[in-house]
Amino acid sequence: MDHVVHFEIPADNEDRAQQFYETVFDWKVMRSPIPNWDYRTVNTVETDERGTPLSAGAINGGIMKRGDTSPQPVVVIKVANLEDSLKKAVAAGAKVVMEARPVGEIGTYARITDTEGNIIGVWQDL
């Protein structure tokens with residue numbers, strides 16, 4: 001069974017959003033170490049060296065600039081095979097709104113819209 005592993009919060013002002021989530025929820029927000037990627041990682045719980053949550057059932061996320069494929073918060077679902085999952089999603093009525101792309105040395109990511117117009121992230125670990 002594929003499961004939610006990450007969330008993304010779009011922001012018009014990433015500094016303001018970072019301040020909000022750190023102040024209100026005591027989350028740890030950091031700029032991504034991946035070069036040329038304007039993204040902030042969000043830890044809602046302690047993690048291991050790969051950024052995997054140490055608390056069972058917890059997920060961490062990110063803050064990024066609001067855009068066409070990120071007008072509202074996005075949940076990210078981890079799959080075993082991204083290409084196969086995208087094909088299944090399209091066959092079931094989804095549209096790919098962000099083609100698969102590598103994310104540093106950690107995985108591959110794409111976005112789809114479901115049959116209700118919701119934007120969903122789809123992730124495969126490397």
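This text leads through a predicted model, from its largest pocket to an arginine in one strand, a group of aromatic rings and a loop residue.

The largest pocket holds about 1,200 Å³ of space. Its lining is made up of 46 residues. Those that lie nearest the centre of the pocket are His6, Trp37, Tyr39, Ile106 and Trp123. Many strands take part in this lining: β1 (3-11), β3, β4 (60-65), β5 (74-78), β6 (95-103), β7 (107-113) and β8 (119-125) each contribute at least two residues. The largest share belongs to β1, with 5 residues. Sorted by class, the lining comprises 19 nonpolar, 15 polar and 12 charged residues.

One of the strands just named, β3, spans residues 39-43 and contains arginine 40. Is arginine 40 buried or exposed? Its relative accessibility is 4%, and because buried means under 20%, arginine 40 counts as buried. The side chain of this arginine makes a polar contact, at 2.8 Å, with the side chain of aspartate 15. Aspartate 15 also appears among the residues that arginine 40 touches, once residues up to four places away in sequence are set aside. The other residues touched by arginine 40 are Glu14, Gln18, Val29, Met30, Arg31, Ser32, Gly61, Gly62 and Ile63.

The aromatic side chains form a further part of the picture. In total, 8 aromatic pairs are counted. In one of them, the ring centres of phenylalanine 20 and phenylalanine 25 lie 6.4 Å apart. The planes of these two rings stand at 80°, and since an angle over 60 degrees counts as edge-to-face, the pair of phenylalanine 20 and phenylalanine 25 is edge-to-face. Phenylalanine 20 has a relative accessibility of 42% and so counts as partly exposed. Phenylalanine 25, at 45%, is likewise partly exposed. Both belong to a cluster in which ring pairs link Phe7, Phe20, Tyr21, Phe25 and Trp27.

Between two members of that cluster, Phe25 and Trp27, the sequence passes through aspartate 26, which lies in the loop between α1 (14-25) and β2 (28-31). What is notable in the backbone here is the phi angle of aspartate 26, which is near 60°, a positive value in a residue other than glycine. Aspartate 26 has a relative accessibility of 69%, and because exposed means over 50%, aspartate 26 counts as exposed. Arginine 40, by contrast, is buried at 4%.

Definitions and conventions: Residues are numbered from 1 along each chain as its sequence is written. This is a predicted model: local features need pLDDT of at least 70, side-chain atom pairs count only at pLDDT 80 or more; totals for chains, interfaces and linings use all residues. Side-chain values use heavy atoms; hydrogens and water are left out. Helices (H or I, at least four residues) and strands (E, at least two) are DSSP runs, numbered from the N terminus. Buried means under 20% relative accessible area, exposed over 50%, partly exposed in between (1.4 Å probe, protein chains only). A polar contact is a pair of N or O atoms within 3.5 Å; within protein, one must be able to donate a hydrogen and the other to accept it, and residues adjacent in sequence count only if both atoms are side-chain atoms. Contact means heavy atoms within 4.5 Å. Rings of Phe, Tyr and Trp (its six-membered ring) pair if their centres lie within 6.5 Å; planes under 30 degrees apart count as stacked, over 60 as edge-to-face and the rest as tilted. On a 1 Å grid over the protein atoms alone, a cavity is a set of points where a 1.4 Å probe fits but cannot get out, and a pocket is an open set with protein on both sides within 12 Å along at least five of seven lines; lining residues have an atom within 4 Å of a point. Grid points are joined across faces, edges and corners, and a volume is the space filled by probe spheres set on the points. Ala, Val, Leu, Ile, Met, Phe, Trp, Tyr, Cys and Pro count as nonpolar, Asp, Glu, Lys and Arg as charged, and the others, Gly among them, as polar.
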